[in-house]
Amino acid sequence: MVDMTGRDKLTRIVDFLNECGMLRKTPRTGYQFLGSGSESVAEHSYRTAVIGHVLALMADADVARTTYMCLFHDLHEARTGDFNYVNRLYNSSERTTALKHACDGTGLEDSVLGYWKELEETATLEAKLAQDADQLDFILNLKEEFDQGNKYAGQWLESALQRVRTQWGQELAETIAKTDHKDWWFLGPDSDWWVRKNGKDGKK
């Protein structure tokens with residue numbers, strides 16, 4: 001690791017933000033086994049943070065802390081890459097060290113590493129909710145792939161549903177499993193739009 005101690009705090013913050021941007025270019029690797037679907041770590045982290053926010057509201061937990069744990073939960077992958085379950089049989093990564101190096105000199109060390117420590121220990125309600133949010137984003141993706149005809153996504157979905165820890169996560173997971181992923185737009189507020197033809201009067 002190159003010594004970054006000579007760089008001022010603002011420059012290190014810019015370094016940190018540039019590193020966050022790498023997550024947009026870092027693929028989640030498990031989809032190569034599923035055979036369909038794809039996403040970057042940044043895409044996954046965004047919706048995980050939204051889900052964590054929602055779960056914390058449902059559980060009357062600390063919304064900010066839960067959301068921040070979700071937001072930063074995969075930041076280390078800008079350096080390590082994403083290891084899927086098969087990769088982990090043969091490879092390991094120093095995730096905490098990678099996160100420390102990312103934060104060094106930014107002034108963000110205590111907050112970001114504090115969220116990481118809480119998430120890894122998974123002793124608090126907020127950490128359990130954040131862990132559930134991580135799984136629920138995956139479950140949403142699997143349901144979409146299953147709805148579009150990937151039968152293996154259904155098998156993966158059954159396993160993923162078993163990993164949800166909290167009652168609020170389980171409630172959401174069960175609802176995801178029985179909700180068509182396209183309903184939110186196909187059955188939208190103006191249900192006539194799908195059958196209308198071209199033109200102002202609804203005729204061709």
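Helices α3 (41–59) and α11 (167–178) pack with their axes 9 Å apart and at an angle of about 120 degrees. Axes here are lines fitted to C-alpha atoms, for helices over the stretch in contact, and angles run from 0 to 180 degrees between N-to-C directions. The two helices are therefore oblique to each other; angles under 35 degrees count as roughly parallel, over 145 as roughly antiparallel, 65 to 115 as roughly perpendicular and the rest as oblique. The crossing of α3 past α11 is right-handed, a crossing being right-handed if the near helix is turned clockwise from the far one by less than a right angle, and left-handed if anticlockwise. On the α3 side the contact (heavy atoms within 4.5 Å) involves Leu55, Met58 and Ala59, and on the α11 side Trp168, Gly169, Glu171 and Leu172. By class, five of these residues are nonpolar, one is polar and one is charged. In this classification Ala, Val, Leu, Ile, Met, Phe, Trp, Tyr, Cys and Pro count as nonpolar, Asp, Glu, Lys and Arg as charged, and the others, Gly among them, as polar.

This is a predicted model, in which local features need pLDDT of at least 70 and side-chain atom pairs count only at pLDDT 80 or more, while totals for chains, interfaces and linings use all residues. Residues are numbered from 1 along each chain as its sequence is written, and side-chain values use heavy atoms, with hydrogens and water left out.

**Overall architecture**

The secondary structure comprises twelve helices and zero strands; helices (H or I, at least four residues) and strands (E, at least two) are DSSP runs, numbered from the N terminus. The C-alpha trace spans about 70 × 40 × 40 Å along its principal axes. Of the 204 residues, 39% count as buried, where buried means under 20% relative accessible area, exposed over 50%, and partly exposed in between (1.4 Å probe, protein chains only). Among contacts between residues at least 6 apart in sequence, 65% join residues at least 24 apart.

**Further helix pairs**

The axes of α3 and α4 come within 8 Å and cross at roughly 160 degrees, and the two helices are therefore roughly antiparallel to each other. Here too, α3 passes its partner α4 in a right-handed crossing. Ser45, Thr48, Ala49, Gly52, His53, Ala56 and Leu57 of α3 meet Val63, Thr66, Thr67, Cys70 and Leu71 of α4. These residues divide into six nonpolar, six polar and no charged.

For α9 and α11, the axes lie 9 Å apart at an angle of about 5 degrees, which makes α9 roughly parallel to α11. The α9 residues in this contact are Leu125, Leu129, Asp132, Leu136, Ile139, Leu140 and Lys143, and those of α11 are Trp168, Gly169, Leu172, Ala173, Ile176, Ala177 and Lys178. Ten of the residues are nonpolar, one is polar and three are charged.

**Nonpolar core**

In soluble globular proteins, nonpolar side chains tend to be buried together. The largest nonpolar core in this model has 38 residues, and those with the most contacts inside it are Leu55, Leu129, Leu136, Ile139 and Leu142. Such a core is a set of buried Ala, Val, Leu, Ile, Met, Phe, Trp, Tyr and Cys residues joined through side-chain atoms within 4.5 Å. At least two residues of this core come from each of several helices, including α3, α4, α9 and α11. The largest share, eight residues, is supplied by α9. Leu129 touches Leu55, Ala56, Ala59, Ala61, Thr66, Thr166 and Trp168, not counting residues up to four places away in sequence.

**Individual residues**

The table lists the location and accessibility of selected residues.

| Residue | Location | Relative accessibility |
|---|---|---|
| Histidine 76 | loop between α4 and α5 | 3%, buried |
| Threonine 122 | loop between α8 and α9 | 13%, buried |
| Tyrosine 68 | helix α4 | 37%, partly exposed |
| Aspartate 60 | loop between α3 and α4 | 72%, exposed |

Leaving aside neighbours within four places in sequence, histidine 76 is in contact with Arg95, Ala98, Leu99 and Trp116. The C-alpha atoms of tyrosine 68 and isoleucine 51, 17 residues apart along the chain, are separated by 11 Å.

Most residues other than glycine have a negative phi. Aspartate 60, however, has a positive phi near 55 degrees, and threonine 122 has a positive phi near 50 degrees.
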